[in-house]
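Okay, morning everyone, I'll keep this short. Let me put the structure up, and then we can walk through what holds the chain to itself and where there is empty space inside.

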Amino acid sequence: MPEMGLRMASTTPISFLFLLVSSVTATSGESMFKQSLKGRCQRIEIELCKDIPYNMTFLPNPMLGHDQPNMQTLQAQTEQFKPLIKTKCHPHLQFFICSVFAPMCPKDIPQAVTSCRSLCEQVKADCKSILDEFGIPWPEPLQCERFPEQANGLCMNPPDGPEHQKPSPVFRPSLTHHTSKVPSCPKYLVNVDPADVNGVCALPCDVNVFFSQDDKDVARRVMVVMGAVNVLLASFTFFTYLIDRHRFRFPERCVFFMSFCMALLALPQLFPVIWPTVQQRACETMHNGNSYLTFAGYENPRCLLSFALSYYFGMAASLWWLMFAFTWYLSAGRRWVPEGVEACSPYVHLIAWGTAALATIVVLVMRRVDASELTGVCSVGQMDAEGLLFFQLLPRALITVMGTSFILLGLSGVCQEGQLLRRRGMDTSKNHKLVLKLIMFCVFYLLLVGATLVCDYLHFVDMHTLNTATLHCKQFGGVESGSCRQPPRLQASRYILSLIMSLLGGAACSLWILSPKTFASWQRAIFCGMCSPAPQKTASASRLASSSRPLLEPPIPVAPPPHPPTHYAPLHSTHSTHVWRPSNVV
């Protein structure tokens, strides 16, 4: 069973990362990536529609459904309407047909704009009789219920003028839309969707809204230095487990999986070394060239990678802390033997890696990924107050409280057992050393987590207050209502402190391995001491000694047993005839 736990420990993170990437790929359809990845304005290439008042269309075309035809198919479909257009049953028939197969894409509103329903009804009333004469039903793409009402949606009507007037190249059809009812964003923010009343006013990449440029420079230096230190310490801790894994058993192994997570969650802090600008790491670009910090988008693959590393392994590290506390409680509080805890190791791995993967998938499906203006790191709750509360603060606070409870219950059991051992006159110095090391590790880790939770709570309060003037400005009336005012600068030192506290987890894990045995293990590994064969032991003796002895131990010379005596003194008895004789069995 311990071997099964080892195999699962090495393959589970990779398996869950594969599951995570697969889920992102599987959900990259209409529900998640429709607006951020698929919609683009492109020049019209249909021959029939090259002389209409506009020259840009929106692809993919929502009027044609999910099965988007290629350009050759579109050419063939529109050519079928030429005989009907030549009948001149309606002066704007060509404009109407082109609005279906090549809807207009306005420069300031990147979406498909087709004709209003009133124009469809006029065209159908004038031209349907011609199709009926030949027994041809009215085409499905031209059904009028598919077109928006003039008063309820964004639509267009043909240009006014003579029937055969050729429109000028710069002329655009009139948009029938109550733009005065759609709030606008402040000038220092980017209006991601001008036609949406509940749209987002995102933070631009090149504007300092909440932090100054000096604050961003300091944060960049801190995150690179602390990220590198955290990666080195956490990697040293995890590799110590790899070179001497038989020395550590549960609950100690949970610390090493924590260090593995700590090393990977710090990698996004080193992204500025590879991609220096925030534009490369955490921004998305609109069709008009404006760029904004990622908010509920997935167009930037580096931002998605930053989120996957920081959030998945951050949540997994917290869960491994909980598993450490739980297995400690089983060992110390419930008096479980090491073999019993080892038997539960597959379930421990499943809870830690699986729960973190599930939370990450939920965040992706709910489109809660956003970027930080200060650091340019993508995660959850950087700008979204609700995402910070439900996907960061509450889960981590609950995990911390549960883990602390298990630790205290385990310590209570150790104290009771120590009292019993001292009453029997037994040595409890080893127990004291173990408890001291555990207390030092837990206190250091809880101080880091507590400081991070406090800073995140203050960040939640800031975002909950300022979102009404920034991201959710349009929902409160926009600039027209006077509620979207320039927000004050935030205190960068508090956010930098939170960044430092979150990157000291590797140092906390390294406290667990500070002992002469660790240096002896590395000495054997560096000088190839592990190449020599280990002493052969029975299975039961190996299991009993693996938790307290190093992997390589010199054989202990054993003296041969003494030979049994060949002569025995006679025993005095009342019967002199019965005398003990030497035994033939040795």
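I'll go through salt bridges, then disulfides, then cavities.

One thing before I start: this is a predicted model, so please keep that in mind throughout.

Right, salt bridges. Side chains of opposite charge can pair when their charged atoms come close. Searching the whole structure turns up 10 salt bridges, and I'll pick out a few.

Start with a local one. Asp-132 pairs with Lys-128, and the closest N and O atoms are 3.2 Å apart. Why do these two sit about one helical turn from each other? Because they are 4 residues apart in helix α6, which covers residues 117–133. As for solvent, Asp-132 is partly exposed at 42% relative accessible area, and Lys-128 is partly exposed too, at 30%.

Now a salt bridge between Glu-252 and Lys-437, with N to O at 3.9 Å. This pair links distant parts of the chain, with Glu-252 in helix α8 (residues 252–265) and Lys-437 in helix α15 (residues 429–466), 185 residues apart. If you're using a cut-off of 4 Å for a salt bridge, then the 3.9 Å of Glu-252 and Lys-437 falls within it. Glu-252 is buried, at 18% relative accessible area, while Lys-437 counts as partly exposed at 25%.

The third one I'd like you to remember, as we'll come back to it. Arg-396 and Asp-456 form a salt bridge, with 3.0 Å between the closest N and O atoms. Arg-396 belongs to helix α14 (residues 385–423) and Asp-456 to helix α15, so the pair ties together parts 60 residues apart in sequence. Are these two buried or exposed? Both Arg-396 and Asp-456 are buried. There is also a network: Arg-368, Asp-384 and Glu-386 are joined into one by salt bridges that share partners.

Okay, on to the cysteines. A disulfide is a covalent bond between the sulfur atoms of two cysteines. The search of the whole structure gives 7 disulfides, and I'll show three of them.

Cys-49 is joined to Cys-98, with S to S at 2.1 Å. The angle about that S-S bond is -95°, so to speak a left-handed link. It's another pair that links distant parts of the chain: Cys-49 is in the loop between β1 (40–43) and β2 (56–59), and Cys-98 is in helix α5 (residues 93–101), 49 residues apart. Cys-49 is buried at 1% relative accessibility, and Cys-98 is buried at 0%.

Next, Cys-89 and Cys-127, with S to S at 1.9 Å. This link is right-handed, with 95° about the S-S bond. Cys-89 sits in the loop between α4 (82–86) and α5, and Cys-127 in helix α6, 38 residues apart. Cys-89 and Cys-127 are both buried.

Then there's Cys-303 with Cys-378, their sulfur atoms 1.9 Å apart. Here the link is left-handed, at -115° about the S-S bond. Cys-303 is in helix α11 (residues 301–333) and Cys-378 in strand β10 (residues 378–380), so this disulfide ties together parts that are 75 residues apart in sequence. Again, both cysteines, Cys-303 and Cys-378, are buried.

What about Cys-261: why no bond to Cys-509? The closest cysteine sulfur to that of Cys-261 is in Cys-509, and at 9.1 Å that is too far for a bond. Cys-261 is buried, with 0% relative accessible area. Cys-344, by contrast, counts as partly exposed at 26%.

Last topic, the cavities. Rolling a probe the size of a water molecule over the atoms shows where empty space is left. There are 3 cavities of 30 Å³ or more, and the largest holds about 960 Å³ of space.

Which residues lie nearest the centre of the largest cavity? Of the 46 lining residues, they are Arg-396, Thr-452, Asp-456, Ser-498 and Ser-502. So to come back to our buried pair, Arg-396 and Asp-456 form a salt bridge and are among those nearest the centre. The elements giving two or more residues to this lining are α8, α11, β10, α14, α15 and α17 (492–502). Helix α15 has the largest share, with 8 residues. By type, the lining divides into 26 nonpolar, 16 polar and 4 charged residues.

That's my tour, happy to take questions.

Note on methods:
Residues are numbered from 1 along each chain as its sequence is written. This is a predicted model: local features need pLDDT of at least 70, side-chain atom pairs count only at pLDDT 80 or more; totals for chains, interfaces and linings use all residues. Side-chain values use heavy atoms; hydrogens and water are left out. A salt bridge is a side-chain nitrogen of Lys or Arg within 4 Å of a carboxyl oxygen of Asp or Glu. Buried means under 20% relative accessible area, exposed over 50%, partly exposed in between (1.4 Å probe, protein chains only). A disulfide is a pair of cysteine sulfur atoms within 2.5 Å. On a 1 Å grid over the protein atoms alone, a cavity is a set of points where a 1.4 Å probe fits but cannot get out, and a pocket is an open set with protein on both sides within 12 Å along at least five of seven lines; lining residues have an atom within 4 Å of a point. Grid points are joined across faces, edges and corners, and a volume is the space filled by probe spheres set on the points. Ala, Val, Leu, Ile, Met, Phe, Trp, Tyr, Cys and Pro count as nonpolar, Asp, Glu, Lys and Arg as charged, and the others, Gly among them, as polar.
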